[in-house]
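Hi,

Here is the structure I promised to send over. Have a look at it first, and then read on for what I found.

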Amino acid sequence: MPRSDDYTGPAGESHDPSVQAAVLLVNLGTPEAPTAQAVRPYLAEFLGDPRVIDYPRWLWWLILHGVILRVRPARSAHAYQRIWTAQGSPLRFGSEALATRLQEQLSRDGGAPVRVALAMRYGQPSVKHQIEQLQREGVRQLLVLPLYPQYSATSTGSVIDAVADAMKALRWPPELRIVNDYHADVGHIEALAASIEQWWATHGRGDRLLLSFHGIPERYVREGDPYLEQCQATAHALRQRLRLDDSQLLVSFQSRVGREPWLQPYTDATVRELANSGVKTLDVACPGFAVDCLETLEEIAMQNRDFFKEASGDELRYIPALNDSPGQVDSLARLVRRHMAGWPTSVDAPSA
Ligand SMILES: C=CC1=C(C)c2cc3[nH]c(cc4nc(cc5[nH]c(cc1n2)c(C)c5CCC(=O)O)C(CCC(=O)O)=C4C)c(C)c3C=C
Ligand SMILES: [Fe+2]
Ligand SMILES: [Fe+2]
């Protein structure tokens, strides 16, 4: 039986040793099972990351292990049970499907050969495991593509830390490039806009379109994190492309944890306010998530749908993430090719 931490690329095919370039997709990670027992180590690793929560280590360790990890795993496991499928966690199988499709696209686009692998920042397969595996397979040029369109130190920054740690352990590290963000990439904006338009063509347009991004503490933005600016830039580009104004396309931030103020307006409060102000049909998209996961399928499509109805809205309709759609695969393949431009390959090497 293949284990999830054995996953290096699509379908476990044997790798061509002449392929020297690889792209490593990195997503957040997800528990191995929707149980408190499996969620606990996942949350311990995630919430123990100083990029995610930057409180003094000893103080945070006491709070995390003394309080949070006693309570939250059971609550989170319950949420995961609502979205778990026969294929497992949506974040995992959605990311694997995207990696498979991206490999297929890069193998037929006429460019230099490139291998696609997938890692998870927390849990398995780890960034370190996958970089070591690619190294064993002879990869000498590595492009890391965190599956976060907007840069935040809490997400992309943390992937960069994990890559740096993995590189430190190698005697002969590969050449390295890391995509910082693709929040305003033309192909990405076009893929998002086309998916929203296609969704409207099937379901009709709601009264408003809400873009809900994952939140982070406000303080991180004050201290220099460009995340808010990049979320706003994505929203601005979508407004222009969809020909909407800022009363028709709104932005909010979800998934707040802890007591500090996070980026506002909060999604749950916004959804309730819109229902109270007479909005009957609300469309919600989450352009910060490359693939569907707990935060979209449970928090938006279930929890916030209930909040909207309780506040006398008729219907909150969640527009799915791009996942492994041709639009996302095509835009990421083009992004990969641009970031890999100029790298020597066995194909470019002089024959003499
Ligand atoms: C407590 C601090 C957190 C910060 C800061 C944070 C930033 C952040 N997260 C994502 C993407 C995802 N987060 C997901 C789940 C999740 N996030 C936090 C906390 C913070 N995130 C927790 C505790 C959890 C786990 C679930 C829970 O207990 O509520 C997920 C989904 C994972 C899945 O398995 O489906 C994603 C994806 C981004 C992009 C981000 C910063 C911009
Ligand atoms: Fe998160
Ligand atoms: Fe959440």
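Around ligand 1, helix H2 (57-83), helix H5 and helix H10 (294-310) each supply at least two residues of the shell. The shell holds 23 residues, and the closest are Thr30, Ser76, Val257, Cys293 and Leu294. By type, the shell residues divide into twelve nonpolar, nine polar and two charged. Ligand 1 lies between domain 1 (36-83) and domain 2 (186-319), because both domains give residues to its shell.

Please keep in mind that this is a predicted model. The mean pLDDT of the protein is 94, and 93% of its residues reach 70 or more. For the complex, the predictor gives an ipTM of 0.98 and a pTM of 0.95. Two stretches call for caution: pLDDT stays under 50 over residues 1-13 and also over residues 348-352. The model has 22 contacts beyond four places in sequence for residues 1-13, and one such contact for residues 348-352.

Now to the two domains. The protein is divided into domain 1 (36-83) and domain 2 (186-319), and their C-alpha centres lie 25 Å apart. Four residues from domain 1 and four residues from domain 2 make up the contact. On the side of domain 1 that touches domain 2, the residues divide into three nonpolar, no polar and one charged.

What about the interior? The largest nonpolar core has 88 residues, and those with the most contacts inside it are Ala22, Val23, Leu24, Leu25, Val144 and Leu145. At least three residues of this core come from each of domain 1 (36-83) and domain 2 (186-319). Leu145 is worth clicking on: leaving aside its neighbours within four places in sequence, Leu145 is in contact with Val23, Leu24, Leu25, Val179 and Val336.

Helix H4 (residues 127-136) has Val127, Gln130, Ile131, Gln133, Leu134 and Gln135 as its buried residues. They pack against strand S1 (21-27), strand S2 (115-120), strand S3 (141-146) and helix H5 (153-168). Just after H4, Gly138 takes a positive phi of about 95 degrees. On the other side of the helix in sequence, the loop between S2 and H4 contains Pro125, and the peptide bond from Gln124 to Pro125 is cis, with omega near -5 degrees.

Helix H5 also contains Ala164. Is Ala164 buried or exposed? Ala164 counts as exposed, because it has 12 C-beta neighbours inside 10 Å and the cut-off for exposed is 12 or fewer. Its C-alpha atom is separated by 24 Å from that of Ala333, 169 residues apart along the chain.

A second cis peptide bond runs from Gln264 to Pro265, with omega near 5 degrees. Pro265 is found in the loop between strand S6 (249-254) and helix H9 (267-276). Ser255 is found in that loop between S6 and H9 too, and has a positive phi of about 70 degrees although it is not a glycine. With 17 C-beta neighbours inside 10 Å, Ser255 counts as partly exposed.

Finally, Ser312 lies in the loop between H10 and strand S8 (315-319). Ser312 is not a glycine either, yet has a positive phi of about 75 degrees. Ser312 is exposed, with 12 other C-beta atoms within 10 Å.

Happy browsing, and best wishes

How values were computed. Residues numbered from 1 in each chain as written. Chains lettered and ligands numbered in written order. Predicted model: local features only at pLDDT ≥ 70, side-chain atom pairs only at ≥ 80, totals over all residues. Buried ≥ 20, exposed ≤ 12 C-beta atoms within 10 Å, placed from the backbone. Helix = DSSP H or I, 4+ residues; strand = E, 2+ residues; numbered from the N terminus. Contact = placed C-beta atoms within 7 Å. pLDDT = per-residue confidence, 0-100. Near = placed C-beta within 6 Å. Nonpolar A, V, L, I, M, F, W, Y, C, P; charged D, E, K, R; others polar. Domains from an automatic or database assignment. Core = buried A, V, L, I, M, F, W, Y, C linked by C-beta atoms within 7 Å.
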